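Reader: Could you take me through one part of this model in some detail? I'd like to hear about a single helix and what packs around it, and then a little about its surroundings.

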Amino acid sequence: MNNVTFIGLGVMGFPMAGHLQRAGYHVTVYNRTISKATAWVKHYGGVMSSELAQSVAQADVICMCVGKDEDVIATLQGGVLEGAKQGTIIVDHTTTSEECAKQACLLAAERGLFFIDAPVSGGQAGAENGQLSIMCGADEAIFALALPILSVYGKLVKRIGVVYDFKLIS
Ligand SMILES: NC(=O)c1ccc[n+]([C@@H]2O[C@H](COP(=O)([O-])OP(=O)(O)OC[C@H]3O[C@@H](n4cnc5c(N)ncnc54)[C@H](OP(=O)(O)O)[C@@H]3O)[C@@H](O)[C@H]2O)c1
């Protein structure tokens, strides 16, 4: 669980990814506007990729913090689902609707990937100080695997339930 790709280096994602790099994870960053990824690497070190699918190819965990519902789906379908290896955990920190989380979870499952819906609160200061609250929807075992990573920038990281109960569907 050492290779982490972080997608979306905005107000929140830029410092969140930085905490991971400083904590010793092997971080690769991707940002749609490449200059922000360049600035991140200059600030923290680490690696950037300007191609979405390539950015996630080595990842054990993919964290994303983009804008809204449509940006999450566009990011997943724009290279993340295609590029990630089977068994990779996608952690979405974007604030999205329940429908979006469910769609993202199903899209991930179809590709043999795991999904954690993980919106954050605490604002810019919480991201910069590594003091975010993170409310997670995920399978218990997958949550446990991602918890050390989320705890790097979360002071309160809690699993609330699952996004989808696949046992009920099958
Ligand atoms: N800011 C806060 O205080 C705060 C607090 C709690 C939760 N949140 C939530 O956290 C998320 C991120 O917020 P933020 O303040 O960091 O936003 P932001 O500064 O506007 O950054 C958004 C990031 O997402 C990327 N992005 C947006 N749409 C994309 C798309 N379609 N494809 C690829 N990349 C895309 C942007 O890339 P570009 O650089 O190319 O535009 C940018 O890196 C939002 O869901 C927000 O509601 C924010």
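Author: Here is a walk around helix α1, followed by a look at some other helices. Keep in mind that this is a predicted model, where local features need pLDDT of at least 70, side-chain atom pairs count only at pLDDT 80 or more, and totals for chains, interfaces and linings use all residues. Residues are numbered from 1 along each chain as its sequence is written.

Let's start with how covered α1 is. Helices here are DSSP runs of H or I with at least four residues, strands are runs of E with at least two, and both are numbered from the N terminus. Nine of the ten residues of α1 are buried. Buried means that 20 or more other C-beta atoms lie within 10 Å of a residue's own, exposed means 12 or fewer, and partly exposed is in between, with the C-beta atoms placed from the backbone. The buried set is G13, F14, P15, M16, A17, G18, H19, L20 and Q21. These residues pack against β1 (3-7), β2 (26-30), α2 (34-44), α6 (123-129) and α7, where a contact is two C-beta atoms, placed from the backbone, within 7 Å. Just past the end of α1, G24 has a positive phi of about 105°.

Now for the helix pairs. Two packed helices are described by the angle between their axes and the distance between the axes. Axes are lines fitted to C-alpha atoms, for helices over the stretch in contact, with angles from 0 to 180 degrees between N-to-C directions. For α1 (residues 13-22) and α7 (residues 140-153), the axes come within 8 Å and cross at roughly 115°. On one side of that contact sit M16, H19 and L20 of α1, and on the other I149, V152 and Y153 of α7. By class, that gives five nonpolar, one polar and no charged; Ala, Val, Leu, Ile, Met, Phe, Trp, Tyr, Cys and Pro count as nonpolar, Asp, Glu, Lys and Arg as charged, and the others, Gly among them, as polar.

With α2, the axes of α1 come within 11 Å and cross at roughly 35°. Here F14, A17, G18, Q21 and R22 of α1 meet W40, H43 and Y44 of α2. The classes in this contact are four nonpolar, three polar and one charged.

Staying with α7 for a moment, F143 lies in that helix. F143 counts as buried because 22 other C-beta atoms lie within 10 Å. Leaving aside residues up to four places away in sequence, F143 touches I116, C136, A138 and R159.

For another helix, take α5 (residues 98-110). Its 13 residues reach 18 Å from first C-alpha to last, close to the 18 Å expected at 1.5 Å a residue, the expected span being 1.5 Å times one less than the number of residues. A101, A104, C105 and A108 are buried in α5. Seen down the axis, the buried residues of α5 fall within an arc of 100°, so they line one face of the helix; the arc is that of the directions from the helix axis to the C-beta atoms. They pack against α4 (69-83), β5 (89-92), β6 (114-117) and β8 (132-137). E99 and E110, on the other side of α5, are exposed. Just after α5, G112 takes a positive phi of about 75°.
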